[in-house]
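Reader: I would like a close look at one part of this model. Please pick one strand and walk me through its surroundings.

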Amino acid sequence: MRATRLTLALDTGVMQLPATGRILVLGPGRSDDLSALPQDRIVAVQGFRPDHDALLARGLTVVPELPDGPFAMALVCLPRARDAARGMIAAAVARLADGATVVVDGQKTDGVDALYREVRALVPQVSEALAKAHGKLFAFPASAVLADWAVLPRQIGDGFTTLPGVFSANRPDAGSALLAAALPAQMKGRGIDLGAGWGYLSRAALSRADVASLDLVEADHDALTCAKASITDPRAAFYWADATTYRPARPAHWIVCNPPFHVGRDADPATGIAFLNAAARMLVPDGVLWLVANRHLPYDRTLSLLFREVQDLPGTAAFRLTRASRPIPPIRR
Ligand SMILES: C[S@@+](CC[C@H](N)C(=O)[O-])C[C@H]1O[C@@H](n2cnc3c(N)ncnc32)[C@H](O)[C@@H]1O
């Protein structure tokens with residue numbers, strides 16, 4: 001879809017490639033075809049580890065954090081969160097050479113129409129919006145007016161910092177709050193927070209004095225940066241990693257987890273199931289997984305295949321809390 005719009009935009013002149021210089025591509029996903037752009041001039045920024053690694057495997061230059069400019073052009077691949085989208089545009093503008101072009105491309109479902117209207121209200125010389133494949137692409141010369149859209153870390157209370165676009169950026173997730181309240185007073189040994197986000201569950205686990213260490217494993221680079229700002233406990237270690245392939249240095253005694261249940265807009269139980277499999281692999285033989293999940297998610301069968309003991313704890317109509325212990329080694333499943 002993005003590839004079709006990029007090719008069409010070049011063919012119709014809505015977008016023109018600069019003759020030389022690096023091209024900043026913000027937020028491309030693993031399935032985005034960027035072949036309309038000169039591959040060796042692309043610097044892609046992608047902080048979600050699985051997407052980052054997939055783009056890297058295609059031979060692109062990919063970094064998880066915004067690099068220094070100047071760039072000759074920027075392509076912004078719109079995320080869903082409006083603040084994050086505006087922040088990306090401001091970040092692009094701040095890194096472009098004078099008069100260089102910002103190209104914005106996004107799906108209608110990600111709010112590209114509203115953003116087009118907003119940019120047109122602030123910036124002269126915005127191109128027509130090229131509409132194709134349920135999305136739109138438009139271009140405009142970098143304008144300092146958009147610097148106001150820059151995003152800053154936000155304090156949301158209790159010493160937690162978040163950034164637009166991270167999971168549950170405005171307040172703790174209700175499911176995580178439920179699990180935090182249900183954790184036992186005594187927790188000891190080595191723990192892992194699988195999909196740690198900005199550190200809410202980790203903070204709860206680290207409030208137990210006998211916890212020896214806690215690995216925060218998180219694929220979203222921004223979320224992990226927030227967690228590092230919020231959690232200064234020396235027992236915490238931070239891993240920017242894909243939880244489904246992460247291997248701890250030593251197996252953990254327990255894991256806390258509120259697994260992701262979406263890929264983009266779609267509910268995706270497969271990711272949650274991959275998290276459960278990964279958790280079972282990471283635990284010592286009598287290890288415990290403390291899990292919260294939306295009640296409708298189909299994790300029962302997987303849990304009973306992976307763990308000898310699966311116990312439901314009091315939850316709510318929306319969330320199910322589970323204590324799953326004694327992982328079954330793969331050879332016995
Ligand atoms: C439901 S949120 C829970 C976050 C945090 N534990 C909390 O309670 O607020 C799931 C988290 O998993 C992260 N995530 C998604 N896919 C991942 C993956 N493959 N590896 C590691 N983390 C992932 C998301 O970025 C998100 O922060």
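Author: Start with a pairing. Strand S10 (residues 189-194) and strand S11 run parallel, and 6 bridges join them. S11 is the part to look at here. One residue pair helps to place the two strands: arginine 190 has serine 213 in S11 as its bridge partner. Between the two strands, the chain passes through helix H6 (residues 200-206). This β-α-β crossover from S10 to S11 is right-handed. Keep in mind that the model is predicted.

Now take the next pairing. S11 also pairs with strand S12 (residues 236-240). The sense is again parallel, with 5 bridges between S11 and S12. Here leucine 216 is the residue to find: phenylalanine 238 in S12 stands opposite it. Helix H7 (residues 221-230) belongs to this part as well. Together, S11, H7 and S12 form a β-α-β unit, and that unit is right-handed.

So much for the neighbours; burial comes next. S11 covers residues 211-218. Of its 8 residues, 6 are buried, so the strand is largely enclosed by the rest of the structure. Buried here means under 20% relative accessible area.

To retrace the path on screen, begin at S10 and follow the chain through H6 into S11. Then find H7 and S12, which complete the right-handed unit with S11. Serine 213 marks the bridge to arginine 190, and leucine 216 marks the place opposite phenylalanine 238.

Conventions. Residues numbered from 1 in each chain as written. Predicted model: local features only at pLDDT ≥ 70, side-chain atom pairs only at ≥ 80, totals over all residues. Heavy atoms only, no water. Buried < 20%, exposed > 50% of the residue type's maximum accessible area, 1.4 Å probe, protein only. Helix = DSSP H or I, 4+ residues; strand = E, 2+ residues; numbered from the N terminus. Pairing = 2+ DSSP bridges. Right-handed = clockwise from strand over helix to strand, strands pointing away.
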